[in-house]
Amino acid sequence: MDFPLTSFLSAWLLGLSLGLTACTVTCLPFMGAWVMARERGAVLADTGLFLAGRVSAYALLGLAAGLAGAWLSGVLNSGIGHFAIGGASLAAGAWLLLGEGRHRACGAARGAGAPPFALGFSLSLTPCAPLASLLAFAAQSGSAPLGAGYGLAFGLGAAVTPLLLLLPLLGVFAARLRAQQAWLGLWLKRGAGGVLLFLGLYRISLGW
């Protein structure tokens, strides 16, 4: 099978156009709230997991478009992305308010990686012009491997985002607040959890 380099480069540039613009606006409220509640040492790992979720989602979307063609665009436009984002945001908010606050066992620490990955994955399901172009590109290929490759290239482009700078900066800011007033740590978690619950309910309302 021929894998044209120029096509992959085009998909990467398309993803880059998303990562440098709409991605930051859409994702910052969710991940910004999350990292404000997290310890400073976990922010880089959470950012990496979030971007891994996005890249994984785009690769799977490309694969599905290569198999299903234009049908996938109709599914995404039906509002399923809003439900996915809402569910992931509600789960992340609940984890901050309930899961992490109760204990810090090894299992809970490992489970902390699920919310940022799920947020990254679900936020990639939001219909937008660059994503629609990717799906059309993958559908025209008529090939699942090519579609997945285009999706992967698109996701790697979208991973080049100002969030790589903004999220660690928010983590540093939150850490300084906690260092000055220890009680702020609990309220940061509660506030961030509440924000994520609100955003989740809002997204689900959009899906209806």
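In the predicted model, serine 7 lies in helix α1, which covers residues 5-19. Serine 7 has a relative accessible area of 14% and is therefore classed as buried, the cut-off for that class being under 20%. When residues up to four places away in sequence are set aside, serine 7 touches Phe137 and Tyr150.

A second serine, serine 89, is found in helix α4 (residues 71-102). Its relative accessible area is 0%, so serine 89 is likewise buried. Contacts of serine 89, again not counting residues up to four places away in sequence, are made with Phe30, Leu119, Leu196, Leu197, Leu199 and Gly200.

Phe30, one of the residues touched by serine 89, is itself among the buried residues of α2. The others listed as buried in this helix are Cys23, Thr24, Cys27, Met31, Gly32, Ala33, Trp34, Val35 and Met36. Helix α2 comprises 15 residues (22-36), and because each residue is taken to contribute 1.5 Å, a span of 21 Å is expected. The C-alpha atoms at the two ends of α2 are 21 Å apart, in agreement with that expectation. The helix also contains a kink of about 50 degrees at leucine 28, shortly before proline 29.

On the surface, Trp183, Leu186 and Trp187 form a nonpolar patch of about 370 Å². Of these contributors, tryptophan 187 is found in helix α10, which runs over residues 184-207.

Note on methods: Residues are numbered from 1 along each chain as its sequence is written. This is a predicted model: local features need pLDDT of at least 70, side-chain atom pairs count only at pLDDT 80 or more; totals for chains, interfaces and linings use all residues. Side-chain values use heavy atoms; hydrogens and water are left out. Patches are made of residues with over 30% relative accessible area and no salt bridge: like charges are joined within 9 Å, nonpolar side chains (Val, Leu, Ile, Met, Phe, Trp, Tyr) within 5 Å. Accessible areas come from the Shrake-Rupley method with a 1.4 Å probe; for residues, only the protein chains shown count as cover. A salt bridge is a side-chain nitrogen of Lys or Arg within 4 Å of a carboxyl oxygen of Asp or Glu. Helices (H or I, at least four residues) and strands (E, at least two) are DSSP runs, numbered from the N terminus. Buried means under 20% relative accessible area, exposed over 50%, partly exposed in between (1.4 Å probe, protein chains only). Contact means heavy atoms within 4.5 Å. The expected span of a helix is 1.5 Å times one less than its number of residues. The bend at a residue is the angle between axes fitted to the seven residues ending there and the seven starting there.
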